[in-house]
Amino acid sequence: MKYIWKIVNKIWSYLFTKERLMHKLESADDYALKSVANALRNVLNYIILDAEKDWVEKIELIRKELLNSKKVITIEDYGAHAPNLNLTDEDMYKGKILKKTVGEATKSSISYNKGFLLFKLIREFKPSFCLELGTALGISASFQLAALEMNNKGRLITIEGAKSVAEIARENFKKLGLSRIYSEIGRFQDILELVINEVNPIDFVFIDGHHDEYATLNYFETIFPSLSDNAILVFDDIRWSKGMKRAWKTLINDARFKYTIDLFKIGICIISNSNNKKESFKSFLK
Ligand SMILES: C[S@@+](CC[C@H](N)C(=O)[O-])C[C@H]1O[C@@H](n2cnc3c(N)ncnc32)[C@H](O)[C@@H]1O
């Protein structure tokens with residue numbers, strides 16, 4: 001009985017925190033924050049138009065095909081590789097050569113829930129220029145591109161260091177008929193600055209690669225001068241390692257963000273020119 005009560009209590013507090021967060025977000029007087037609130041509400045209640053559903057289903061079909069593929073590819077990994085490895089900048093820059101099947105590589109793609117959140121964020125916020133770090137096989141980019149397609153507005157630049165996966169991603173964009181894309185191949189360290197000059201100002205950023213504390217913060221510093229006044233930045237895997245937890249802590253304390261929203265695995269930061277006071281929100285999104 002005690003055990004059941006504990007579970008009931010946990011579920012209740014989980015739902016309650018979420019509702020409280022939603023209420024606070026929805027009463028906000030800020031365009032970017034309101035967009036995030038609407039997107040979250042749509043994701044939590046699975047509110048989806050038929051045309052949106054068509055896109056999401058097509059993307060999930062591509063994911064299924066990729067997961068079933070036994071084709072072996074060579075991947076140059078310029079990231080942090082594993083949470084406890086603490087590689088040096090030099091090691092990460094040199095990279096590691098991995099051999100994986102396409103199916104194995106697909107497992108590091110964004111989950112359906114997070115993909116749907118990106119999709120809804122872009123549907124609500126209607127950005128003109130989006131930037132993604134970490135294309136991999138193109139799943140998260142496809143969610144963003146499908147939303148841009150439905151908005152009939154906006155472009156996405158996505159960067160990936162491993163040529164083999166980026167080329168498969170490009171095929172997937174073609175298969176899906178997603179054309180609002182510039183897909184760049186290269187290390188973030190080498191090409192991020194150049195790429196940014198092509199898409200200035202940037203309204204929406206998704207950082208999902210090179211999960212190293214200093215690299216993440218450095219990429220943010222590189223991107224910051226090119227952000228628009230109300231930009232939204234989404235950081236994936238904010239609890240992937242001790243370093244990523246520290247990076248997230250640094251970001252939520254950064255005065256340049258008016259709002260930060262901690263959804264446990266994913267963090268959303270908003271640059272806003274509104275006069276509202278700085279606020280941090282926290283809840284969980286499974
Ligand atoms: C988690 S995966 C991205 C998954 C993708 N966003 C999705 O959900 O479909 C991270 C990607 O970032 C790439 N990456 C990591 N560090 C990099 C670096 N320093 N330069 C370029 N690409 C990098 C990796 O090769 C990997 O494909």
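This is a short talk on one predicted protein model, going from its domains to its ligand shell and then to some of its helices and single residues.

Let me begin with the overall division, since the later parts refer back to it. The protein is divided into domain 1, which takes in residues 2-60 together with 110-282, and domain 2, which takes in residues 68-106. If you take the centres of the two domains over their C-alpha atoms, 23 Å separate them. Where domain 1 and domain 2 are in contact, 14 residues come from domain 1 and 14 residues from domain 2. On the side of domain 1 that touches domain 2, the element that gives the most is helix 8, residues 163-176, with three residues. The residues on that side of domain 1 divide into five nonpolar, seven polar and two charged.

Now to the ligand. Which residues come nearest to the ligand? Of the 21 residues around the ligand, these are Gly79, Ile110, Gly134, Gly161 and Gly209. The shell around the ligand draws at least three residues from domain 1 and at least three from domain 2, and among the helices, helix 7 (139-151) and helix 9 (188-198) each supply at least two of its residues. By character, the shell is made up of eight nonpolar, nine polar and four charged residues.

Helix 9 deserves a longer look. Its buried residues are Phe188, Val195 and Ile196. Around the axis these residues cover an arc of only 100°, which puts them on the same side of helix 9. On the other side of helix 9 you will find Glu193, Leu194 and Asn197, which are exposed. The buried residues of helix 9 are covered by elements including strand 3, strand 4 (155-160), strand 5 (181-185) and helix 10.

That brings us to helix 10, residues 213-223, whose buried residues are Ala215, Thr216, Tyr219, Phe220 and Ile223. Why can we say that these residues line one face of helix 10? Seen down the axis of helix 10, the buried residues fall within an arc of 140°, so they line one face of the helix. As for their partners, the buried residues of helix 10 pack against strand 3 (129-133), helix 9, strand 6 (202-207), strand 7 (227-236) and helix 11 (242-252).

Two single residues in the strands just named are worth finding in the structure. Leu133 has its place in strand 3, and it counts as buried because it has 24 C-beta neighbours inside 10 Å. Leaving aside residues up to four places away in sequence, Leu133 touches Ile159, Phe188, Ile207, Asp208, Gly209 and Tyr219. Of these, Phe188 is one of the buried residues of helix 9, Tyr219 is one of the buried residues of helix 10, and Gly209 is among the residues that come nearest to the ligand. Leu133 also lies 9.9 Å from Phe235, C-alpha to C-alpha, although the two are 102 residues apart along the chain.

The other residue is Asp203, which is found in strand 6. Is Asp203 buried or exposed? Asp203 is buried, because 22 other C-beta atoms lie within 10 Å. With residues up to four places away in sequence again not counted, Asp203 touches Pro127, Ser128, Phe129, Cys130, Ser228 and Ala231. Asp203 and Gly154 are 49 residues apart in sequence, and their C-alpha atoms are 9.7 Å apart in space.

Let me turn lastly to helix 2, residues 31-44, and to some backbone angles. At 1.5 Å a residue, the 14 residues of helix 2 should span 20 Å, and the C-alpha atoms at its ends are 20 Å apart, which agrees. Its buried residues include Ala32, Leu33, Val36 and Leu40. Helix 2 is followed by Tyr46, which has a positive phi, near 45°, in a residue other than glycine. Tyr46 sits in the loop between helix 2 and helix 3 (50-68), and because it has 8 C-beta neighbours inside 10 Å, Tyr46 counts as exposed.

Lys126 also has a positive phi, of about 55°, although it is not a glycine. Lys126 lies in the loop between helix 6 (112-125) and strand 3, and with 16 C-beta neighbours inside 10 Å, Lys126 counts as partly exposed.

Definitions and conventions. Residues are numbered from 1 along each chain as its sequence is written. This is a predicted model: local features need pLDDT of at least 70, side-chain atom pairs count only at pLDDT 80 or more; totals for chains, interfaces and linings use all residues. A residue is near a molecule or strand if its C-beta atom, placed from the backbone, lies within 6 Å of it. Helices (H or I, at least four residues) and strands (E, at least two) are DSSP runs, numbered from the N terminus. Ala, Val, Leu, Ile, Met, Phe, Trp, Tyr, Cys and Pro count as nonpolar, Asp, Glu, Lys and Arg as charged, and the others, Gly among them, as polar. Domain bounds come from an automatic or database domain assignment. A residue is buried if 20 or more other C-beta atoms lie within 10 Å of its own, exposed if 12 or fewer, and partly exposed in between; C-beta atoms are placed from the backbone. The arc is that of the directions from the helix axis to the C-beta atoms. Two residues are in contact if their C-beta atoms, placed from the backbone, lie within 7 Å. The expected span of a helix is 1.5 Å times one less than its number of residues.
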